[in-house]
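Biologist: Please take a close look at one part of this model, the second largest cavity and the elements around it. What lines the cavity, and how are those elements arranged?

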Amino acid sequence: MQALTYQGTKDVRVENVPDPVLLANDDLILRVTATAICGSDLHIYRGKIPGMKDGDILGHEFMGIVEETGSAVTEVKRGDRVVIPFVIACGDCFYCNKTLFAACETTNPGCGAILNKKTATAGAGLFGYSHLYGGYSGGQAEYVRVPKANVGPFKVPDALSDDQVLFLSDILPTGYQAAVNAQVVPGSSVAIFGAGPVGYMAAASARLLGAEQIFMIDHHDYRLQFAQETYGVIPINFDQDDDPADTILKATNGHGVDATIDAVGFEAKGSGIETVLTTLKMEGSSGKALRQCMAATRRGGIVSVPGVYAGWIHGFLFGDAFEKGLTFKMGQTHVQRVLPELLDYIGNGKLKPEVIITHRMKLADAQRGYELFEQKQEDCRKVVLMP
């Protein structure tokens, strides 16, 4: 089969690789019909994620048709059309029983990314996302092996197109969880840092939950313009406004917003010092976006973090968080928990995640898709690949 493989920093290639096979009796083999390039994939593409090996198959946003099932698979059958959550969960462990699927303690044979781990278990395995998270082959391929097939695969109706449901695999649940963690209710004010796909899904979810005022911060005018037209956000371009948090404070009578959402993560454009420290591996993540979130949030408010972070940050300003009484909610998305609810919202037209798609390409053109997305060429917002 053909699959997109990692070969090093900014070097991905579509190659012929062996077809996947069933390895456990609760596996299935999926024929991929649509797969997307995620912002998190760009962290890998830029060489920022440790634990990658040459030849690893990328991709954690995908869906398709069940081709083959193991003897213990009872929830889906051959021919079913399913979306696959990027989180691999067993459904039976201590954390899965609390519906904390991203914390599943049985599916990740890797070490995870916690530096001060001690004897704690690693979080769940992830598709196509480094051997820190299990080394599972991803879905930017013609076929993929899906473990724990009684827990992950989610059947979708034929009445809905691939474009409409594909993002149930990751970015829609991630944006929705970010808005729920931010405790958005009717009348809330929110600031979303990052006008990428997750930022868009957070804005759509915040509107769904009743947010009255949404600020969105980015430095690409075309992304901000789309968010303004589609979700009614108040755009702030940080290339033109070097202190968005202060602008937000002034616009909210000096209080700040009820909640902020950091949809940027560890590759936020930071100070010169932070750039040097991260280059020298003396800092794991830039703290610029987090500092702005903390400054823009009112006392007693919430900072919700769907953006990926790893390692340490030298400028976290924990004292500011304490003095303002902020609550932080963050982490990988418990995708399986929210899929039925989100499918209903898509079915009744309250959520239209497909509107962010700008590029549909063949899997064979995936390398060009990564370049477009990474370099923000052709006003690229989201790339969908079709094997």
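Modeller: The model is predicted. I start with two strands: β14 (residues 297–305) and β15 (residues 327–330) run parallel and are joined by 4 bridges. One of the residues involved is I302, whose bridge partner in β15 is T327. Helix α9 (residues 318–324) belongs to the same unit: β14, α9 and β15 together make a β-α-β unit, and the unit is right-handed.

Both strands also take part in the cavity you asked about. A search of the whole structure finds 2 cavities of 30 Å³ or more, and the second largest has a volume of about 40 Å³. Its lining consists of T174, Q177, A178, N181, S304, V305, P306, K329, M330, G331 and T333. At least two of these lining residues come from each of α3 (171–181), β14 and β15. The largest share belongs to α3, which supplies 4 residues. By class, the lining holds 6 polar, 4 nonpolar and 1 charged residues.

For reference, the largest cavity is given a volume of about 40 Å³ as well. The residues that line the largest cavity are I84, P85, V87, I88, A89, F127, V146, P147, K148, V151, G152 and Q336. They divide into 9 nonpolar, 2 polar and 1 charged. To return to your part, the lining of the second largest cavity draws at least two residues from each strand of the parallel pair and from α3.

Key. Residues are numbered from 1 along each chain as its sequence is written. This is a predicted model: local features need pLDDT of at least 70, side-chain atom pairs count only at pLDDT 80 or more; totals for chains, interfaces and linings use all residues. Side-chain values use heavy atoms; hydrogens and water are left out. Two strands pair if DSSP finds at least two bridges between them. A crossover is right-handed if, with the strands pointing away from the viewer, the path from the first strand over the helix to the second runs clockwise. On a 1 Å grid over the protein atoms alone, a cavity is a set of points where a 1.4 Å probe fits but cannot get out, and a pocket is an open set with protein on both sides within 12 Å along at least five of seven lines; lining residues have an atom within 4 Å of a point. Grid points are joined across faces, edges and corners, and a volume is the space filled by probe spheres set on the points. Ala, Val, Leu, Ile, Met, Phe, Trp, Tyr, Cys and Pro count as nonpolar, Asp, Glu, Lys and Arg as charged, and the others, Gly among them, as polar.
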